Amino acid sequence: MEKLALLRFIENRSLQRYFHGRGVEIGALWRRFPLPRRARVWYIDRLGGEGLEEHYPELRGRIIQPDLLADAAELPLAPASLDFLIASHLLEHLQFPLAALRAWYNLLAPGGVLLLRVPDKRYTFDKRRVRTSLAHLLSEHDDPKLFGLRDHYADFVANVADLRPDTQEFEQTIDDLMRRNYSIHFHAWIDDDVREIVDFTQSAWRLEWDLVVFRRARSYRKETTVLLRRK
Ligand SMILES: C[S@@+](CC[C@H](N)C(=O)[O-])C[C@H]1O[C@@H](n2cnc3c(N)ncnc32)[C@H](O)[C@@H]1O
């Protein structure tokens with residue numbers, strides 16, 4: 001096994017003790033979190049198998065078929081019904097991540113856990129992008145009309161696709177991505193930002209969950225790992 005895969009395997013093993021009962025993984029796509037046998041999981045995505053294959057042709061043949069199609073922030077599940085919820089490389093794809101965190105908190109039963117994995121922009125194709133501040137998230141959360149969909153796509157096209165603004169190609173690429181409802185990273189963070197968001201949910205929103213695991217991104221682990229347990 002190559003070194004990175006081995007490190008991930010060890011890290012995943014160390015997290016397994018937090019998982020039991022019934023839960024969901026949202027957006028597993030091709031890489032499900034390895035759960036112990038005592039845990040029963042359902043897979044949720046915004047697209048079905050065919051839609052995912054079309055969206056991610058490079059993953060054809062490796063896609064995990066979702067059991068349920070739903071938007072991550074509006075899951076049709078009963079409050080306090082889940083022992084765990086897993087969202088790996090998903091939060092940054094959501095237009096309103098704060099609303100999703102609150103919704104996920106409400107779905108957790110007492111003692112239930114949320115596992116988040118969030119890519120750190122310093123180690124990804126987002127490295128040229130400006131970090132999304134908590135103030136920015138809050139203003140869009142408080143007034144969703146302020147969410148500039150085209151602006152977020154433009155930021156992605158300028159800094160990730162590396163196209164020059166004010167060119168025809170730039171505008172056409174944005175149009176194309178928007179037409180396909182392409183799942184970009186609407187937000188880009190580093191580990192400190194993720195920590196700030198978690199702290200905010202506890203201190204300002206008074207969500208009663210404990211931060212049980214917080215692993216910072218490292219060159220060999222390009223993501224922040226967070227495990228929150230509802231009291
Ligand atoms: C980058 S992939 C993550 C793959 C995998 N979990 C990992 O850690 O590499 C993002 C996944 O989230 C799904 N997704 C994106 N936005 C979503 C939404 N609003 N609701 C539900 N699923 C969503 C995508 O379809 C895709 O399957």
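**View 1. Helix H7 lies across three strands of the sheet in this predicted model.** The helix covers residues 191–203. The strands beneath its path are S5, S6 and S7. Helix H7 runs at about 15° to S7. In the loop between H7 and S6 sits Arg-206. This residue has a positive phi of about 60°, although it is not a glycine. Is Arg-206 buried or exposed? Arg-206 is exposed, because 7 other C-beta atoms lie within 10 Å and a residue counts as exposed at 12 or fewer.

**View 2. Strand S7 has a partner strand on either side.** Strands S5 and S7 pair in the antiparallel sense, and seven bridges join them. Val-113 stands opposite Arg-229 of S7 in this pairing. S6 and S7 also pair in the antiparallel sense, over six bridges. Here Val-213 stands opposite Leu-227 of S7. Seven of the eight residues of S7 are buried, so the strand is largely enclosed by the rest of the structure.

**View 3. The open sheet is built from seven strands.** Their order is S3-S2-S1-S4-S5-S7-S6, and the pairing is mixed. Strand S3 (68–69) and strand S6 (209–215) are the edge strands, and each pairs on one side only. Strands of a sheet pair through backbone hydrogen bonds, in either a parallel or an antiparallel sense. Strands S4 (residues 82–88) and S5 (residues 108–119) run parallel and are joined by six bridges. Within this pair, Ala-87 has Leu-116 of S5 as its bridge partner.

**View 4. Helix H3 packs on the sheet.** Helix H3 spans residues 97–107 and touches S4, S5, S6 and strand S7 (223–230). The direction of H3 makes about 145° with that of S5. Arg-102 belongs to this helix. Arg-102 is partly exposed, because 15 other C-beta atoms lie within 10 Å, which falls between the limit for exposed, 12 or fewer, and the limit for buried, 20 or more. Which distance separates the C-alpha atoms of Arg-102 and Leu-207? The separation is 8.0 Å, although these residues are 105 residues apart along the chain.

**View 5. Ala-80 sits in the loop between S3 and S4.** Its phi is positive, at about 55°, although Ala-80 is not a glycine. With 13 other C-beta atoms within 10 Å, Ala-80 is partly exposed.

**View 6. A shell of 18 residues surrounds the ligand.** Which of these residues come nearest? They are Gly-27, Leu-29, Arg-46, Ala-72 and Ser-88. By type, the shell divides into eight nonpolar, five polar and five charged residues.

**View 7. The whole protein chain has seven helices and seven strands.** Along the sequence they follow the pattern α-β-β-α-β-β-α-β-α-α-α-α-β-β. The C-alpha trace spans about 55 × 45 × 35 Å along its principal axes. The radius of gyration is 18 Å, which agrees with the value near 17 Å for a compact globule of 231 residues. Buried residues make up 31% of the 231 residues. Among contacts between residues at least 6 apart in sequence, 63% join residues at least 24 apart.

Methods:
Residues are numbered from 1 along each chain as its sequence is written. This is a predicted model: local features need pLDDT of at least 70, side-chain atom pairs count only at pLDDT 80 or more; totals for chains, interfaces and linings use all residues. Two strands pair if DSSP finds at least two bridges between them. Helices (H or I, at least four residues) and strands (E, at least two) are DSSP runs, numbered from the N terminus. Two residues are in contact if their C-beta atoms, placed from the backbone, lie within 7 Å. Axes are lines fitted to C-alpha atoms, for helices over the stretch in contact, and angles run from 0 to 180 degrees between N-to-C directions. A residue is near a molecule or strand if its C-beta atom, placed from the backbone, lies within 6 Å of it. Ala, Val, Leu, Ile, Met, Phe, Trp, Tyr, Cys and Pro count as nonpolar, Asp, Glu, Lys and Arg as charged, and the others, Gly among them, as polar. The radius of gyration is taken over C-alpha atoms; the globule rule is 2.2 Å times the number of residues to the power 0.38.
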